[in-house]
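Q: Please take a close look at a single part of this model, and explain how it is placed with respect to the rest of the chain. A connected account would be preferred to a list.

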Amino acid sequence: MDNIQISEVIELAWDDKTSFDTIKAQTGLSEPEVIKIMRQNLKANSFKLWRKRVSGRKAKHERRENLN
């Protein structure tokens, strides 16, 4: 992945309205792959804040939301 693609993935993941399912449809990357990219490319504190925000958030997990 080049820097532009990584930046696009980070931008999608950072947006609260973009689900991991949408990211997978657009980039082909699974949730664990997105998390790995975020961990490798964000500062440690920024990554922790992002993970705290997206953990359990319905908007980030469309599939889970649709099951309820």
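A: Arg39 is found in helix H3; helices (H or I, at least four residues) and strands (E, at least two) are DSSP runs, numbered from the N terminus. The model is a predicted one, in which local features require pLDDT of at least 70 and side-chain atom pairs count only at pLDDT 80 or more, whereas totals for chains, interfaces and linings take in all residues. Residue numbers start from 1 along each chain as its sequence is written, and side-chain values rest on heavy atoms, with hydrogens and water left out.

Arg39 counts as exposed because its relative accessibility is 51%; exposed means over 50% relative accessible area, buried under 20%, and partly exposed in between, for a 1.4 Å probe and protein chains only. Arg39 shares its side of H3 with the exposed residues Pro32, Lys36 and Gln40. The buried residues of H3 are Val34, Ile35, Ile37 and Met38. Seen down the axis of H3, these fall within an arc of 160 degrees, so they line one face of the helix; the arc is that of the directions from the helix axis to the C-beta atoms. The buried residues of H3 pack against H1, H2 and H4, a contact being heavy atoms within 4.5 Å.

Arg39 also takes part in the packing of H3 on H4. Ile35, Met38 and Arg39 in H3 meet Phe47, Trp50 and Arg51 in H4. By class, this contact has four nonpolar, no polar and two charged residues; Ala, Val, Leu, Ile, Met, Phe, Trp, Tyr, Cys and Pro count as nonpolar, Asp, Glu, Lys and Arg as charged, and the others, Gly among them, as polar. Arg39 and Arg51 are 12 residues apart in sequence, with their C-alpha atoms 9.4 Å apart in space.

The axes of H3 and H4 come within 8 Å and cross at roughly 150 degrees; axes are lines fitted to C-alpha atoms, for helices over the stretch in contact, and angles run from 0 to 180 degrees between N-to-C directions. H3 and H4 are therefore roughly antiparallel to each other: angles under 35 degrees count as roughly parallel, over 145 as roughly antiparallel, 65 to 115 as roughly perpendicular, and the rest as oblique. H3 passes H4 in a right-handed crossing, that is, with the near helix turned clockwise from the far one by less than a right angle, anticlockwise being left-handed.

Within H4 (residues 44-54), Phe47, Trp50 and Val54 are the buried residues. Their arc around the axis is only 65 degrees, which puts them on the same side of H4. The face of H4 turned away from that buried side carries the exposed residues Ala44, Asn45, Lys48 and Lys52. Helices H1 (3-14), H2 (20-27) and H3 (31-41) are included in what covers the buried residues of H4. Gly56 follows H4 and has a positive phi, near 75 degrees.

H3 has a further partner in H1. These two helices pack at about 105 degrees, with their axes 10 Å apart, and that makes H1 roughly perpendicular to H3. In this contact, Ile6, Val9, Ile10, Ala13 and Trp14 of H1 meet Val34, Ile37, Met38 and Asn41 of H3. The residues divide into eight nonpolar, one polar and no charged. One of the residues on the H1 side, Ile6, is buried, with a relative accessible area of 16%. Beyond its neighbours within four places in sequence, Ile6 is in contact with Met1, Ile37 and Asn41. The C-alpha atoms of Ile6 and Met38 are separated by 8.8 Å, although the residues lie 32 apart along the chain.

H1 in turn packs with H2 at an angle of about 160 degrees, their axes being 10 Å apart. H1 and H2 are therefore roughly antiparallel to each other, and their crossing is right-handed. Here Val9, Leu12 and Ala13 of H1 meet Ile23, Gln26 and Thr27 of H2. This contact has four nonpolar, two polar and no charged residues.

The setting for these contacts is a chain with five helices and zero strands. Of its 68 residues, 29% are buried. Among contacts in the chain with a separation of 6 or more, 62% join residues 24 or more positions apart.
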